[in-house]
Amino acid sequence: MFRHDIENSARKKKSNVILALDLGVDRPQQLLTRSLRILNATHEHLCALKLNRQAVLPLGLFDGVQKIIQRAKELKLPTIMDAKINDIGNTNRAIAEYYYKAGFDAVIASPFVGWNEGLQPVFEVAQKMNRGVIVLVYMSHKGAVEGYGQIVQDVDTGQLVPQYKVFAEKALKWKADGAVVGATYPEKIREIHSVLKDKVAIYSPGVGTQGGDAEAAVKGGADYLIVGRSIVEAEDPARKVAQIRDVAWQSLKHRGKIKQNKK
Ligand code: XMP
């Protein structure tokens, strides 16, 4: 099961850092070579790997991407496809199925489409294929407030609540494997963590380049950090990821998530 696999990976590697392998390289062969080089250089400090469409579109899901997934499997790193699935159910099902068939262990999906004829088919496919679904709850960029931060009337309770709180409740109800909350909003992480209560893990992108702080995010309740440009654009990606890993792992210990001196 995805959530256990990534937990085990984190424990074994003593790392809760997920590498977002987003490179600003146009030529597919160069992109593949550099992606593999960075993965090989950093894997010891990672608990998982995340790809985005800026890798899948130029490399091809059943072409170059296969080489990255295969390498991640050799390194025993779970893989996440940041697909932000966001269409009608029938299309969502097909999208999730393709990513799972390609070898991804989990996909990221948007709860804005709802359950019925929205994300339900994605969760069904995930269960059938024993994979994971992570849902967006509050994104890391500045414009997130315009959607995730709106005050809305909850269709179930009739109450006026922030959109992200409704999404956090849905992540619980749908038994999602994770909830994405931007590291750029540590106060939102704290608030959402108080709803999720460690029943759904928090995945937090936005550390470094987008301005988020690893320690604040993890101490607020983030279980995993998703980090891209700060690592891949660093002069020494392995050193950079090790630095972030040390801070994040210490912060998890501080939260009592890791037992001190436990092997
Ligand atoms: P950087 O370079 O900013 O990359 O460290 C972050 C990676 O994470 C993705 N990202 C998000 N994915 N919800 C997501 O599902 C978010 O709120 C979010 N914010 C950033 C981004 O596309 C990149 O791959």
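In this predicted model, the ligand occupies the second largest pocket. The volume of this pocket is about 400 Å³. Its lining consists of 22 residues, and those nearest the pocket centre are Asp22, Ser140, Pro205, Gly206 and Gln210. Strands S3 and S10 are the elements that contribute two or more residues to this lining. Sorted by class, the lining residues of the second largest pocket comprise 9 nonpolar, 8 polar and 5 charged.

The shell around the ligand itself is made up of 17 residues, with Asp22, Lys50, Ser140, Gly228 and Arg229 the closest. Of the residues in this shell, 8 are nonpolar, 4 are polar and 5 are charged.

Polar side-chain atoms approach the ligand at several positions. For aspartate 22, a polar side-chain atom is placed 2.5 Å from a ligand oxygen atom. Glutamine 210 also faces an oxygen atom of the ligand, with an N or O atom of its side chain at 2.8 Å. In the case of aspartate 82, the partner is a nitrogen atom of the ligand, and the distance to the polar side-chain atom is 3.0 Å. On its own, the ligand has 500 Å² of accessible area, of which the protein covers 92%. Two or more residues of the ligand shell come from each of strand S3 (79-85) and strand S10 (224-227).

Asp22 thus appears among the residues closest to the ligand and among those nearest the centre of the second largest pocket; Ser140 is likewise named in both the ligand shell and the pocket lining.

Key
Residues are numbered from 1 along each chain as its sequence is written. This is a predicted model: local features need pLDDT of at least 70, side-chain atom pairs count only at pLDDT 80 or more; totals for chains, interfaces and linings use all residues. Side-chain values use heavy atoms; hydrogens and water are left out. A residue is near a molecule or strand if one of its heavy atoms lies within 4 Å of it. A polar contact is a pair of N or O atoms within 3.5 Å; within protein, one must be able to donate a hydrogen and the other to accept it, and residues adjacent in sequence count only if both atoms are side-chain atoms. Accessible areas come from the Shrake-Rupley method with a 1.4 Å probe; for residues, only the protein chains shown count as cover. On a 1 Å grid over the protein atoms alone, a cavity is a set of points where a 1.4 Å probe fits but cannot get out, and a pocket is an open set with protein on both sides within 12 Å along at least five of seven lines; lining residues have an atom within 4 Å of a point. A molecule sits in a cavity or pocket if more than half of its atoms lie within 2 Å of its grid points. Helices (H or I, at least four residues) and strands (E, at least two) are DSSP runs, numbered from the N terminus. Ala, Val, Leu, Ile, Met, Phe, Trp, Tyr, Cys and Pro count as nonpolar, Asp, Glu, Lys and Arg as charged, and the others, Gly among them, as polar. Grid points are joined across faces, edges and corners, and a volume is the space filled by probe spheres set on the points.
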